[in-house]
Amino acid sequence: MSLNLSGVITPIVTPFTAAGEIDEEAYRGVIRFNLAKGVHGVCPGGSSGEGHTLTKDEFVRLIEITVDEVNGAVPIVAGIIVNSTRDAIARAQAIAHLPIAALQVTPVHYIYKPDDEATYQHFKALTESVKIPVIIYNVVPWNYLSPALMLRLMRELPGIQGVKQSQGDLKMMADLLLDVPEGCKIFTAVDSLMYSSFALGCHGTIAANPAAIPGVCVALWKTVQAGDHVKAREMHTAMLRFWNTIQGDNLPANIKTAIALQGCGTGLPRAPMPASSAEQVENIRRELDSVLRFEERA
């Protein structure tokens, strides 16, 4: 079991109809939009894709469509957001026959927080149930896993091949990179500090900004890899201003707005999440026009 994954992996938004059903044709269009931007991988079923609202059958169908549409062009990371070991295993096993590069799995996200040993046993049972590498999606504020626990999981469980570090804690990102076991990878979801994460040497990103402006994020990745930090800092400023327009409790809706403004249909968010407000649309449009110039120069 190994994880051959790096660079910009974009979380794919899930277009919904007014009735709350998945718009499969629009979803295929979003995948094609991302592939055209040169992304290094795609991730259906994550937070940006409103994966917490998906039934198991919907989840499986999205992965099947993704496999069909991607057709081997880039790796696929399947997002699993559930609240029990049983359900995590069920979803993982339901797609185990498909060519999936990795599973992106959150710790449980309801209000009851398991202790470190229970969390260890959760991921142990999951990784023993399938042969697909697992990336821990460290995003849940009240069940935030410490670097020590995540490093233990990567060292002791061969199936744990990486961590997607979210929130704004760049110190935690640095600590993970300091002691990450050989063969494992650390991905950033710290959207406001993506350039900083890249400069620290993280292995790539799976995050909201890449979902909204994939071409710009690919350009930033290439710029940092080339060592052009003057240009990268300029990009960071524009990307941070853009990020400040989309972050919020309706983040997936705002990502959809940004993609739609680039000419790709994205449908609606799933209720009760509200669509972008008129003010949000105006702000997103303004900063999008500014940040997209970097994609054009990349």
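Q165 has its bridge partner in strand β7, and that partner is T188. This is a predicted model, so take the pairing as part of a prediction. Strand β7 is a good place to start, since it links up with β6 and with β8. After that come the spaces in the structure: a pocket of about 870 Å³ and a cavity of about 40 Å³.

**Strand β7 and its partners**

- β6, covering residues 160-165, runs parallel to β7, and four bridges hold the pairing.
- To get from β6 to β7, the chain passes through helix α6 (residues 170-179), and this β-α-β crossover is right-handed.
- On its way onward, β7 pairs with β8 (residues 204-205), again in parallel, through two bridges.
- T188 turns up here too: its bridge partner in β8 is T205.
- Helix α7, residues 194-200, sits in the β-α-β unit with β7 and β8, and that unit is right-handed.

**Buried or exposed: what about the two faces of β7?**

- In a regular strand, side chains alternate between the two faces of the sheet.
- β7 spans residues 185-188, with K185 and F187 on one side and I186 and T188 on the other.
- All four of those residues are buried, so both faces of the strand are covered (buried here means under 20% relative accessible area).
- Note that T188, buried in this way, is the residue paired with Q165 and with T205.

**The largest pocket**

- Its volume comes to about 870 Å³.
- The lining takes in 33 residues, and S47, Y137, V139, Q167 and L251 are the ones nearest the centre.
- By type, the lining splits into 17 nonpolar, 13 polar and three charged residues.

**The cavity**

- How many cavities of 30 Å³ or more does the structure hold? There is one.
- The largest cavity has about 40 Å³ of space in it.
- Around the largest cavity you'll find D191, S192, M194, Y195, N209, L220, H236, M239 and L240.
- Which helix gives the largest share of that lining? It's α10, with three residues.
- Helices α7 and α10 (229-246) each put in at least two lining residues, and α7 is also the helix of the unit made with β7 and β8.
- Sorted by type, the cavity lining has five nonpolar residues, three polar ones and one charged.

Key: Residues are numbered from 1 along each chain as its sequence is written. This is a predicted model: local features need pLDDT of at least 70, side-chain atom pairs count only at pLDDT 80 or more; totals for chains, interfaces and linings use all residues. Side-chain values use heavy atoms; hydrogens and water are left out. Buried means under 20% relative accessible area, exposed over 50%, partly exposed in between (1.4 Å probe, protein chains only). Two strands pair if DSSP finds at least two bridges between them. A crossover is right-handed if, with the strands pointing away from the viewer, the path from the first strand over the helix to the second runs clockwise. On a 1 Å grid over the protein atoms alone, a cavity is a set of points where a 1.4 Å probe fits but cannot get out, and a pocket is an open set with protein on both sides within 12 Å along at least five of seven lines; lining residues have an atom within 4 Å of a point. Grid points are joined across faces, edges and corners, and a volume is the space filled by probe spheres set on the points. Ala, Val, Leu, Ile, Met, Phe, Trp, Tyr, Cys and Pro count as nonpolar, Asp, Glu, Lys and Arg as charged, and the others, Gly among them, as polar.
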